[in-house]
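Work through the exercises below with the model open. Try each task before reading its solution.

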Amino acid sequence: MARGDAPHDSYHLVGISFFVLGLGTLLPWNFFITAIPYFQGRLAGVNITSGPPGTNHTGPADTFNFNNWVTLLSQLPLLLFTLLNSFLYQCVPETVRILGSLLAILLLFALTAALVKVDMSPGPFFSITMACVWFINSFCAILQGGLFGQLGTMPSAYSTLFLSGQGLAGIFAALAMLLSMASGVDAQTSALAYFVTPCVGILLSIVCYLSLPHLEFARYYLARTPAQAQGQELETRAELLQPDEKNGIPASPHKAVLTLDLDKEPELEPQEPEKPGKPSVLLVFRKIWLTALCLVLVFTVTLSVFPAITAMVTSSTSPGKWSQFFNPICCFLLFNVMDWLGRSLTSYFLWPDEDSRLLPLLVCLRVLFVPLFMLCHVPERSRLPVLFPQDAYFITFMLLFAVSNGYLVSLTMCLAPRQVLPHEREVAGALMTFFLALGLSCGASLSFLFKALL
């Protein structure tokens, strides 16, 4: 919240802008994975005009392992640019990183949309699409780094809005696919409209970013350093903080936010506050290693089967409207809605806490989802049997899988800063971001193995 001398966010324009920017950062990933049936159809040599864009195509298309490669090449850039973030931060101006990335993503998505109208053999189409996936997600990683840097100077409510926009990106992509399938137009026009939608979203993100310098509220905060902005937050957050005995870290069990410490011990004599030394990365890692490992395992399990395996599951009912809409609804839309719900739960409670050994147990139990999804109704399998053919099994597994993913990811990201001293939280955040990217990359790599075992 802003102090009395700060301007007001008129009509919530700055909040809306950061929400749209959050939506724009994850639109590319979600629009690519939701359109897996379209890409499988093109790679199988199926004429796009012969069926709806949401029709599942397995068998010949699997020779390219498209859903495995799109997952891997989407997550590797995140890991790479997490490591290069410090270099880019020092060498490339923030405006260039953010605006340049948005423009590059817009051009690459326009190319993806244009390819809908171009007849092309599967090999070249696969190569061009994978190049687009790699570069789009590379620019998305740079974009997220720049925007998180700006959010560091803003009140915490704007970080929440940004993350909410990211959380709704998957729901938006799934709904766009369902609307394109239900539109009644031919499949080629439907697919073109689907890929034009994120272009409009990215264009709107560019407009929102360019509008920020013209809004007094944004200028007031973006001109300040993160430390100054955090100092302004102390007064308004004080009532939310509750003291904790361990490490002198305040605990706020009802809010999933990174809080700041208030030194409430009275000083007998005025003296210069002692600045803590530079935090040791190794020391911080020793404090949060178990939480970081839990985060890696959560994302490893999730990305090893979603969407590589789950996108292959089809309805066991006879062909019809339900079988056509089954995967977009029960895989992508259901996952994104329940994942968003799971992340939201940490705003109300954080359980188990950072001292509990129950967290690693809950994380390890999620490994069971791997065989459960692999034994669902996936056609064209050669090794494993189908033990859960009914649609209800897959829907139940997906509900639990998505809620647990969202909740455990949010929980681990909230608990890590509570395990270290206040001056070590920046290092803890950077380490958790690295392990998040590591988990995504490990899961994407394992998806090739699980696909081969089917």
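**Exercise 1: Helix 12**

Check the length of helix 12 (residues 321-345) against its expected span, which is 1.5 Å times one less than the number of residues.

Solution. Helix 12 has 25 residues, so at 1.5 Å a residue it should span 36 Å. Its end C-alpha atoms are 34 Å apart, which agrees. Helices here are DSSP runs of H or I with at least four residues, numbered from the N terminus. Next, where does helix 12 bend? The bend is at Leu-334 and is about 35°. That angle lies between axes fitted to the seven residues ending there and the seven starting there.

A note on the source: this is a predicted model, in which local features need pLDDT of at least 70 and side-chain atom pairs count only at pLDDT 80 or more, while totals for chains, interfaces and linings use all residues. Residues are numbered from 1 along each chain as its sequence is written, and side-chain values use heavy atoms, with hydrogens and water left out.

**Exercise 2: Two partners of helix 8**

Describe how helix 1 (residues 13-34) packs on helix 8 (residues 187-211).

Solution. Start with the geometry. The angle is about 155° and the axes are 9 Å apart. Axes are lines fitted to C-alpha atoms over the stretch in contact, and angles run from 0 to 180 degrees between N-to-C directions. Helix 1 is therefore roughly antiparallel to helix 8 (the cut-off is over 145 degrees). The crossing of these two helices is left-handed: the near helix is turned anticlockwise from the far one by less than a right angle.

Now list the contacts, meaning heavy atoms within 4.5 Å. Helix 1 contributes residues including Ser-17, Leu-21, Gly-24 and Phe-31; among those they meet in helix 8 are Tyr-194, Pro-198, Gly-201 and Tyr-209. By class, this contact has 11 nonpolar, eight polar and no charged residues. Ala, Val, Leu, Ile, Met, Phe, Trp, Tyr, Cys and Pro count as nonpolar, Asp, Glu, Lys and Arg as charged, and the others, Gly among them, as polar.

Repeat for helix 5 (residues 94-115) against helix 8.

Solution. The axes come within 9 Å and cross at roughly 165°. That makes helix 5 roughly antiparallel to helix 8. The crossing of helix 5 and helix 8 is left-handed. Helix 5 uses residues including Glu-94, Leu-102 and Phe-109, and helix 8 uses residues including Phe-195, Cys-199 and Ile-206. The split is 19 nonpolar, three polar and one charged.

**Exercise 3: Helix 11 and helix 15**

Classify the packing of helix 11 on helix 15 (residues 391-415).

Solution. The angle is about 155°, with axes 9 Å apart. Helix 11 is therefore roughly antiparallel to helix 15. Helix 11 passes helix 15 in a left-handed crossing. Thr-291, Leu-295 and Phe-299 are among the helix 11 residues that meet helix 15, where Phe-401, Asn-405 and Met-413 are among the partners. This contact has 10 nonpolar, four polar and no charged residues.

**Exercise 4: Backbone features**

Place the cis bond from Phe-306 to Pro-307 and the one from Trp-351 to Pro-352.

Solution. For Phe-306 to Pro-307, omega is near 5°. Pro-307 sits in the loop between helix 11 (281-305) and helix 12. For Trp-351 to Pro-352, omega is near -5°. Pro-352 is in the loop between helix 12 and helix 13 (358-365).

Conventions. Parallel < 35°, antiparallel > 145°, perpendicular 65-115°, else oblique.
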